[in-house]
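Please read the following as a guided walk through one model, with the sequence and the coordinates open beside the text.

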Amino acid sequence: MRDDELLGLIRDTPWIAELLADFDFDTGRVENGPPEPVRLPNGAPLEMVAGDASGGAFLLAGTGDRRPVVYAGSEGQGGLVAAGLRDALALVVGLPSIHDALGVPVGEDGGRKLRAWLAEADDEIREDLPDLDADRARLRAALDLPEADGLLEALHAAAADEAYRPVSDRGDRYESML
């Protein structure tokens, strides 16, 4: 499924959009725009497709059927999240948060410490959201999403990609999310 088709499915299916908002990918925040006008160093176009509770923005970069997803945070951190919308959604749905997933390096242990950190964060979330796993399964099925665990290394590599680090209108480059 192309990114525009996937985005159309989300926008046209209220329960999917509402549940994604619970996972901090809120398509209703698009009308407010990103925290500030941003661009990519190469000048590729950016299209905001969702926001999060902290005021950050998820943006599709460039043109085509599969577009990279860039995050621009309200605190000046940002960068590439995934090579396409489907993988970005898998991360948003399958992890406690993108920020948590980038808070601990993959490291020499093959990501064991990171995965343990994420499991602890999920356990804390389940205390307030007992349907977390069922909601994840529903979204994965409806949107045909892969498991997020297989995308962790790709997320870390993407976040380090300088070519996708947003730049403000003042010319300030956003800090790395790593």
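## From surface charge to buried contacts

Glu120, Glu124, Glu127 and Asp128 together form a negative surface patch. The model in which this patch appears is a predicted one, and the values below should be read with that in mind. Of the patch residues, Glu127 can be placed in helix H5, which covers residues 112-128. With a relative accessible area of 67%, Glu127 is exposed, because exposure is assigned over 50%.

Helix H2 offers a view of how burial is arranged around a helix. In this helix, residues 14-22, the buried residues are Ile16, Ala17, Leu19 and Leu20. When one looks down the axis of H2, these buried residues fall within an arc of 165 degrees, so they line one face of the helix. An α-helix has 3.6 residues a turn, so residues three or four places apart point the same way. On the other side of H2 the exposed residues are Pro14, Glu18 and Asp22. Ala21 also lies in helix H2, and with 27% relative accessibility Ala21 counts as partly exposed. The C-alpha atom of Ala21 is 8.8 Å from that of Ala50, although the two residues are 29 residues apart in sequence.

The loop that comes after H2 can be examined through its backbone. Most residues other than glycine have a negative phi, and most peptide bonds are trans. Asp24, which is not a glycine, nevertheless has a positive phi, near 70 degrees. Asp24 sits in the loop between H2 and strand E1 (38-39), and at 31% relative accessibility Asp24 counts as partly exposed. Asp144 likewise has a positive phi, of about 55 degrees, without being a glycine. The place of Asp144 is in the loop between helix H6 (132-143) and helix H7 (152-159), where Asp144 is exposed, with a relative accessible area of 53%.

Another loop, the one between strand E4 (69-72) and strand E5 (78-82), contains Gly73. Is Gly73 buried or exposed? Gly73 is buried, because its relative accessible area of 5% falls under the 20% limit for burial. The C-alpha atoms of Gly73 and Pro35 are separated by 7.0 Å, while along the chain the two residues are 38 residues apart. Ser74 also has its place in the loop between E4 and E5, but at 33% relative accessibility Ser74 counts as partly exposed. From Ser74 to Asp12 the distance is 28 Å, C-alpha to C-alpha, and the separation in sequence is 62 residues.

Charged pairs give a further way of following the chain. How many salt bridges does a search of the whole structure find? The search finds 18 salt bridges. One of them joins Glu47 to Arg67, with the closest N and O atoms 2.9 Å apart. This pair links distant parts of the chain, since Glu47 belongs to strand E2 (residues 46-51) and Arg67 to the loop between strand E3 (57-61) and E4, the two being 20 residues apart. At 30% relative accessibility Glu47 counts as partly exposed, whereas Arg67, at 12%, counts as buried.

A salt bridge is also found where the side chains of Arg165 and Glu162 meet, with an N to O distance of 2.8 Å. Here Arg165 counts as buried, at 6% relative accessibility, while Glu162 is partly exposed, with a relative accessible area of 40%. In the salt bridge between Arg2 and Glu5, the closest N and O atoms are 3.6 Å apart. Arg2 counts as partly exposed at 34% relative accessibility, and Glu5 is partly exposed as well, with a relative accessible area of 37%.

Finally, some charged residues are joined in a group rather than in a single pair: Asp122, Asp123, Arg126, Asp133 and Arg136 are linked in a network of salt bridges. The walk can then return to its starting point, the negative surface patch of Glu120, Glu124, Glu127 and Asp128.

Methods
Residues are numbered from 1 along each chain as its sequence is written. This is a predicted model: local features need pLDDT of at least 70, side-chain atom pairs count only at pLDDT 80 or more; totals for chains, interfaces and linings use all residues. Side-chain values use heavy atoms; hydrogens and water are left out. Patches are made of residues with over 30% relative accessible area and no salt bridge: like charges are joined within 9 Å, nonpolar side chains (Val, Leu, Ile, Met, Phe, Trp, Tyr) within 5 Å. Accessible areas come from the Shrake-Rupley method with a 1.4 Å probe; for residues, only the protein chains shown count as cover. A salt bridge is a side-chain nitrogen of Lys or Arg within 4 Å of a carboxyl oxygen of Asp or Glu. Lys and Arg count as positive and Asp and Glu as negative; His and the chain ends are not counted. The place of a charge is taken as NZ of Lys, CZ of Arg, CG of Asp or CD of Glu. Helices (H or I, at least four residues) and strands (E, at least two) are DSSP runs, numbered from the N terminus. Buried means under 20% relative accessible area, exposed over 50%, partly exposed in between (1.4 Å probe, protein chains only). The arc is that of the directions from the helix axis to the C-beta atoms.
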